[in-house]
Amino acid sequence: MKFVKKNIDLLNGNILKSLTELAVPIMATSLVQTAYNLTDMAWIGMVGSDAVAAVGAAAMYTWLSSGVVTLARMGGQVKSAHAYGEGNRREVIQYGKGALQLALVLAAAYGLLTNLLADSLIGFFHLNSPQVVADAITYLRIACGFIVFAFIGQTLTGLYTASGNSRTPLMANCIGMGANIILDPILIFACDMGVRGAALATVISQTVSAAWVLWFVCSTRSTLRLRVQYLRISPRVMASVLALGLSPFIMQSTESLVQIAFNTSMQSYGGDLYVSAIVIMSSVMQFFTMPVMGFAQGAQPIIGFNYGAGNYDRVKSAAKYCAVFCLAFSLLLWGVAVFFPKLPVRVFTDDPAVVE
């Protein structure tokens with residue numbers, strides 16, 4: 001990769017303005033990334049609650065994969081931002097390549113393990129219908145078997161954000177989401193592929209998105225430029241990226257594992273219908289919390305830049321603005337969940353048994 005001037009000045013000027021300019025595209029990117037699964041759920045909801053249960057059970061492990069990739073994405077993003085703030089171009093390149101290398105290793109390991117253990121992973125939910133089990137295994141093997149494209153996209157999103165450029169990842173994800181919206185009805189209904197079609201639509205869309213952003217990375221216009229000579233592995237860089245990515249990995253993965261355990265208990269209580277209901281609720285909550293997570297991610301490059309440059313007052317100010325926004329938006333989401341709970345659920349299904 002080659003260091004190029006960042007798009008947004010994160011070291012000077014109004015912090016709130018810089019934070020907003022950076023965070024809004026990140027929030028949109030986060031929503032688009034979440035919408036991959038939500039789009040599948042919305043179309044699959046037209047097939048029936050059994051299909052929703054199958055996709056939902058498998059999607060728990062794609063959600064878990066988002067925690068795994070934070071090992072590479074967050075570590076690379078934070079260390080790159082520090083290096084940008086210090087003006088250390090060599091370190092920017094080193095941490096960028098280290099994050100991508102780690103993402104590829106993690107994607108290969110995760111894809112292999114989920115395919116080898118697919119029967120056991122889906123069996124953990126104790127689904128009643130053999131067809132639901134079969135569909136869930138199919139979705140899991142396709143979506144996680146090609147998870148490398150999602151890992152590349154998410155890692156590059158973090159690296160671009162670290163440079164002060166959050167618009168390029170947004171464009172790449174919008175292109176992928178557009179492909180997903182087009183492919184879902186074609187593969188699910190027109191080609192009569194059902195759950196398999198939903199999984200293929202997501203994978204193809206993620207591939208399109210990753211291909212676009214990789215092309216941009218290799219172009220001369222990019223803030224990050226990929227070159228073959230930069231692909232040598234550095235144990236020091238890998239260890240540093242892993243160390244910083246460990247905490248967010250534990251937090252996000254724990255949340256996913258708790259949700260998997262919760263879904264299992266619901267299945268034991270009421271069967272596949274309850275799994276469908278909980279899966280839809282989880283999808284709604286993911287969609288609701290993405291703006292908060294996006295704004296927090298927008299604050300990270302500003303904090304990282306200024307921490308690396310020694311501007312600790314700006315670090316504190318950025319953290320304060322982020323905390324205020326996250327609290328306010330969380331209260332808004334709480335109000336929707338309490339007073340209008342059926343409204344977001346109906347986006348995914350009209351099945352009265354699930355909605356009620």
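In this predicted model, Gly 87 adopts a positive phi of about 75° just after helix α2. That glycine makes a handy starting point for a look back along the helix before it.

Helix α2 covers residues 49-86, which makes 38 residues. At 1.5 Å a residue, a span of 56 Å should result, and the C-alpha atoms at the two ends lie 53 Å apart, which agrees. Along the way, α2 bends by about 45° at Thr 70. How many of the 38 residues of α2 are buried? The count is 34, so the helix is largely enclosed by the rest of the structure.

A buried residue can also be found in a loop. Asn 165 sits between α6 (148-162) and α7 (167-190). Its relative accessibility is 4%, and because buried means under 20%, Asn 165 counts as buried. The side chain of Asn 165 has a polar atom 3.1 Å from the backbone nitrogen of Arg 167, and residue 167 is where α7 begins.

The surface offers a contrasting picture. Is Leu 116, a residue of helix α3 (residues 89-116), buried or exposed? With a relative accessible area of 63%, Leu 116 is exposed, since the cut-off for that label is over 50%. Leu 116 also belongs to a nonpolar surface patch, together with Leu 112, Leu 113 and Leu 117. These four leucines share about 420 Å² of accessible area. A general point about helices is useful here: an α-helix has 3.6 residues a turn, so residues three or four places apart point the same way.

Methods: Residues numbered from 1 in each chain as written. Predicted model: local features only at pLDDT ≥ 70, side-chain atom pairs only at ≥ 80, totals over all residues. Heavy atoms only, no water. Helix = DSSP H or I, 4+ residues; strand = E, 2+ residues; numbered from the N terminus. Expected span 1.5 Å × (residues − 1). Bend = angle between axes of the 7 residues up to and from the residue. Buried < 20%, exposed > 50% of the residue type's maximum accessible area, 1.4 Å probe, protein only. Polar contact = N/O pair within 3.5 Å; in protein donor to acceptor, adjacent residues only side chain to side chain. Patch = residues over 30% accessible without salt bridge, like charges linked within 9 Å, V, L, I, M, F, W, Y side chains within 5 Å. Areas by Shrake-Rupley, 256 points an atom, 1.4 Å probe, with all protein chains shown as cover. Salt bridge = Lys/Arg side-chain N within 4 Å of Asp/Glu carboxyl O.
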